[in-house]
Every structure is written in structure tokens, then in C-alpha cells.
Amino acid sequence: MSASQTIQPGHDSYDVIVVGAGFAGMYMLHRLRGLGFSVRVYEQGGGVGGTWYWNRYPGARCDVESMQYSYSFSDELQQEWDWSERYAPQPEILKYANHVADRFNLRTDIQFNTRVDRARFDEAENLWSVATSDSRAVTARFVVLATGCLSNARMPDIKGLTSFKGPVYHTGNWPSEPVDFTGLRVGLIGTGSSGIQSTPFIAEQAKHLTVFQRTANFSIPARNAKLTDEERRAFRKKYPEVRRFAREEARNGIYTELPDRGALDDGANERRSKYEARWQQGGLTFMSVYNDLALNKAANDTAADFVRGKIAEIVDDAKTVALLQPRSHPIGTKRICIDTDYFATFNRDNVTLVDIKSNPIEEILPNGLRTTVGAYEFDALVLATGFDAMTGSVAKIDISGRNGVALNQKWAEGPKTYLGLMSAGFPNLFIITGPGSPSVLSNMIVSIEQHVDWIADCLNRMRARGLHVIEAERGAEERWVAHVNEVAYGTLYPQANSWYMGANIPGKPRIFMPYIGGVGVYRRICNEIAAKGYEGFVLTAVERKRAAAVS
Ligand SMILES: Cc1cc2nc3c(=O)[nH]c(=O)nc-3n(C[C@H](O)[C@H](O)[C@H](O)COP(=O)(O)OP(=O)(O)OC[C@H]3O[C@@H](n4cnc5c(N)ncnc54)[C@H](O)[C@@H]3O)c2cc1C
């Protein structure tokens, strides 16, 4: 679009509609507005922050260190914002999101409490028609789905759930007013990251906490601590290198040493002391001790055994130890959890662990639940049952592209995208951190910024060249999907029944959704494709109705 071709803002037409006002939608708005596009953001929640707006459960905090789990696009912002702790708690991350919204004056273009329900591509006009929950119909040349990978909280399908008499809380949709469990018996279902983070906090308050575990998970101590002024200053000084490394070299978007040897290259004593050092250091970089932990089962076993040993050291009761030791998947093939005192919490007298793998839940009762072997009573129920990850929020929108084909229909056997950015047959529809991109395998703010910058540059270049429509080619998409699978199946990841595979949702196709090739590699691929005139995409000018390449 040239400036004169830009759809005029105002009534119900925009250059770009962005769905979602988490970190992705906020930065997308900032970039596009800076380029002079008219943008409208719709957010179903009442404020910015996405994940950090919804996940207010006790103990919620990031698992990538805050100095890195933060925007890098503005040096002033990263120099002025003071993170209080190594891993900021949810209220502080939400405060940061609000600060960003204020500092960059984003709210004027965000409509809150408004859900996007439907988006249809009008082939005659080459425009998207979007219907929102406030019964408005708006049009836009482009739609960007910034709907989040972990934003569709999954209610478990358990018989009798609605019959429970007490309050029921989902960690992914926690009330904004404080919840007090003092004096209550609490049942908690789910031991993924949210369950692991909230268990110690709920145990502190509750009269009794019963944790229902289907799958034991690996968790590494966070070693969370207050940050001193000196630590913040030192980190800020090295920001240029930290951010460059996270973008270009890291596999997961996190600044850390890159290991140069495999686990079996060291003897048992040396290996143990390296694992011990990382355990003491705490955090996600535990998996970066060696370069083959995601590739070689024998190497992986050494790390998994080390963590299982730690659980046995921490937890007193032998039966509980056996239940808490993960054995069903290689370490790291489900997103590794980062905790504060999770395992030690099971030494408390007021905490019980119940195995629902061997003895599944049969029914929720008005005052508790029944498994195949017994009944448990509680006054409040916490569901830490995760999300319909990566595709769940996209699937909730009724999206139809060329020839009226629904995106849900096209993705019925698993999501198909080119680079995780676009899906063939759905012109001018972008997805931020979509399936087929590194997304949830990375420090997501790094991946979000990369996608936003790529999309913004693409629209800017299209406008400069008088082009209006961009669409992924089917062949390019097929090759990318095959590549994503090939890379995944070269690792141990598909061995876990994880939400990366859609395995937590009954009936969801088992496809490894994120791109595991690494954040740096992926960025280079995306940049090269853009530099080659958006290879694998077809770009068209509406008036001339012919394909043209951007160079
Ligand atoms: C508890 C928790 C902890 C996490 N910790 C980390 C971490 O430490 N490091 C890390 O890298 N990642 C972490 N993540 C992942 C986290 O989701 C991302 O880091 C990041 O916040 C995603 O931002 P986003 O804008 O892409 O999506 P989100 O933050 O999920 O925002 C998407 C927004 O879109 C809105 N939306 C969705 N559908 C619609 C619709 N149809 N209409 C209108 N609005 C809609 C949602 O309401 C939501 O506000 C964590 C996730 C969770 C759940």
C-alpha cells in the first residue's frame, strides 16, 4: 500500500486488526503505528498483559529471568525498568505490561472486553471482515493473530465437575480479587508448571491440600532472590550482548553458555559435579549443561537420574518420592518446571499427594472427588490443568479464507503453516508465535519481537512497492511442515505426551507443533526468505491483479 492506498481509519476500516493485547499484540501495535498504519487491537480481557492478566494464581511468576523476559525493542525501557527479583512475580509483570502500555500510549488503539468471534476473507475486495463480541463488523486489509500460545485455559472433562459445591478456580483464569484458602481443605488437580508453582503457596494457607497428580514432572529450583542495584546495573551494561546472543545464537532465546560437549564425554564424577553446580545455580539453564540432552537418551538419562536423586534427597516419605520421580518422559521433553520448594512441600503434614494415573478420577462430587480407589473431601478445588496450547485460541475464532475454507477444517489433522507465520489459503492473515515457529520452546518475548519485526517490515515493504496481498504458497508450506517434523523427530521431544504434541487434549491430533531448530537458526531462515523477495509467498497488487516479487 502506498500512503494514498492506505485504508482510512475511522469508521470501521483499518489497515490492520490485531487480536490480543498481550506482549505480542502490544508490540505489534507499537511497531505498526510507528510505520503510519491504522491499527485496531481487540482484547477480550479488561486490560493488557495477556498471560499475566489471566494467570493470577498464587506463586505465578516467569521461568525465564526477568532481565531477559522483557522487551528489548526500546533501550530506554530496559534501562529504566527495575525488576525486583530474579523471576518477577505475576503482579510485577502485569505492572510492567501496564507501564509499557502507558509509556507508548497504546491504550488509545486497544478495545478491551471485546472478543473477536469471526474473520472472513472477502476475495472480491481482498479485505478481512471481522465480527466482534460487541456486534460490530469491521474490515481490515490485514489481520494479525496475537492470541497467545497459552491463553485458552483447558477445563478438564471430568464427570460431575459442575456439581462441586465449593469454589472452583482455574489457574489460567484466576480471579483478580485475592483468594484466601485459610482454614480450607483444598483439592488441586494438575502438576504442570502452574500446579508446581502454586502448590507451596496454597499449602502455606490451607488447612489441608490434596494434590492429584497424573504425570510427575521434572522441576529445577528457581533460586529466586531479590536483585540488587548492582546486579541490575551490571546486567544492563551487558544488554547489547545479551540481547544479540538471545536473538542470534541461542537455541531458546536465553543468554547462557553454549555447551561444547555431551554428557557421556565426562566421567560420572565430573558429570555429577556439573549437574550439581547447575542445580545450585537454579533455573532453566540446567538443560544447557551438555549439548546432547535433547538428542541422546543415554545422555538424557544421566540428567534425569540426577534430578530423580534430588527428589529422593528432598522428600521424606518413600512412597511419595516414588510418585514424584518422573519416569514417563525424558527430562526436558516437556517444558521443564522451575519451582520454589515444590518437592519439600510434600514433607508438610497438611499436604497429600494422590496418584491419579494408576487410579483415575471417576467423578467430582459435591464435596470432593472419587477416584477408582477412594474418595477425597475438600472445600475448594483448583484446576491447574493447563491450556489447549498453541492452536486453542486461534481455533475458537471462526476464520475462513479463500473459497470459504475454515482454518479449523484445514487444521483438522494438525496445524499447517509456513514458518508459523501464515497458512496457505488465508491471505494477509499473520500469526505471532504460531505453530511451526520456535514459540513455546523459547524465551517467548524474543520470539514475539522477531515475529512482530518481520511482519512490520513485510507490510512496510509491501506498501512501498504498491502490493496489497501476501499469501503462503502451498508447496512452501508443505516443505516447512515436513522440515518442522523432521527436526522434531531427530530429538527426544516427541517421546513425551506433552502439550507440545497436543497430547493433553483428548482428540487433538498428535503433531509436534513448535519448531525445534533453534531461535537463531529460525531467525536466519526468516530473514533470508524476506531478503529473497519473500520466497515461498505470493505477493500481489490488487489493482494490477498480478503476482510480483518484492526485492
Ligand atoms: C503461567 C505462565 C507462565 C509463563 N512464563 C513464561 C516465561 O517465564 N517465559 C516465557 O518465555 N514464556 C512464559 N509463558 C508463556 C507466555 O504465554 C508468553 O511468554 C507471553 O506472555 C505470550 O504473549 P502473547 O501476547 O503472545 O500471548 P498472551 O499473553 O497469551 O496474550 C494473548 C491475548 O489474546 C487475547 N485473545 C485471545 N483470543 C482472543 C479473541 N478471540 N479476541 C480477543 N482477544 C483474544 C487473550 O485474552 C490474551 O490476553 C508463560 C505462560 C504462562 C501461562
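Which polar side-chain atom lies 3.1 Å from an oxygen atom of the ligand? Select Trp54: a polar atom of the Trp54 side chain is at that distance from a ligand oxygen. Before proceeding, note that this is a predicted model, in which local features need pLDDT of at least 70 and side-chain atom pairs count only at pLDDT 80 or more, while totals for chains, interfaces and linings use all residues. Residues are numbered from 1 along each chain as its sequence is written, and side-chain values use heavy atoms, with hydrogens and water left out.

**Stop 1: the ligand**

Keep the ligand in view and add Thr51, where an N or O atom of the side chain is 2.7 Å from a ligand oxygen atom. Next, show the backbone of Val116, which places an N or O atom 2.9 Å from a nitrogen atom of the ligand. The protein covers 96% of the 970 Å² of accessible area that the ligand has on its own (Shrake-Rupley method, 1.4 Å probe; for residues, only the protein chains shown count as cover).

Now select the shell, in which a residue is near the ligand if one of its heavy atoms lies within 4 Å. There are 34 residues around the ligand, and Glu43, Thr51, Asp63, Tyr69 and Met444 come nearest. By class, the shell has 17 nonpolar, 13 polar and four charged residues; Ala, Val, Leu, Ile, Met, Phe, Trp, Tyr, Cys and Pro count as nonpolar, Asp, Glu, Lys and Arg as charged, and the others, Gly among them, as polar.

Colour helix 1 (23-34), helix 2 (51-54) and helix 14 (444-464), each of which supplies at least two shell residues. Helices (H or I, at least four residues) and strands (E, at least two) are DSSP runs numbered from the N terminus. The largest share of the shell, three residues, comes from helix 2.

**Stop 2: the loop before helix 14**

Follow the chain to the loop between strand 18 (429-431) and helix 14, and select Thr433. Thr433 has a positive phi of about 50° although it is not a glycine. Most residues other than glycine have a negative phi. At 5% relative accessibility, Thr433 counts as buried (under 20% relative accessible area; exposed is over 50%, partly exposed in between; 1.4 Å probe, protein chains only). Ser439 lies in this loop between strand 18 and helix 14 as well; its phi is also positive, about 30°, although it is not a glycine, and Ser439 is buried at 0% relative accessible area.

**Stop 3: Asn98**

From Thr433, move to Asn98: the two are 335 residues apart in sequence and 22 Å apart in space, C-alpha to C-alpha. Asn98 lies in helix 4 (residues 90-103) and is partly exposed, at 24% relative accessibility. Its side chain makes a polar contact with the side chain of Arg107 (3.1 Å).

**Stop 4: Asp266**

Select Asp266 in the loop between helix 7 and helix 8 (268-281). Is Asp266 buried or exposed? Asp266 is buried, with a relative accessible area of 9%.

**Stop 5: helix 16**

Finish at helix 16 (residues 519-531), whose 13 residues reach 18 Å from first C-alpha to last. Display its buried residues, among them Val519, Tyr522, Arg523, Cys526 and Ile529. Their cover includes helix 7 (239-248), helix 14, helix 15 (474-489) and strand 20 (537-541). Just after helix 16, Gly533 takes a positive phi of about 75°.

Definitions and conventions:
A polar contact is a pair of N or O atoms within 3.5 Å; within protein, one must be able to donate a hydrogen and the other to accept it, and residues adjacent in sequence count only if both atoms are side-chain atoms. The expected span of a helix is 1.5 Å times one less than its number of residues. Contact means heavy atoms within 4.5 Å.
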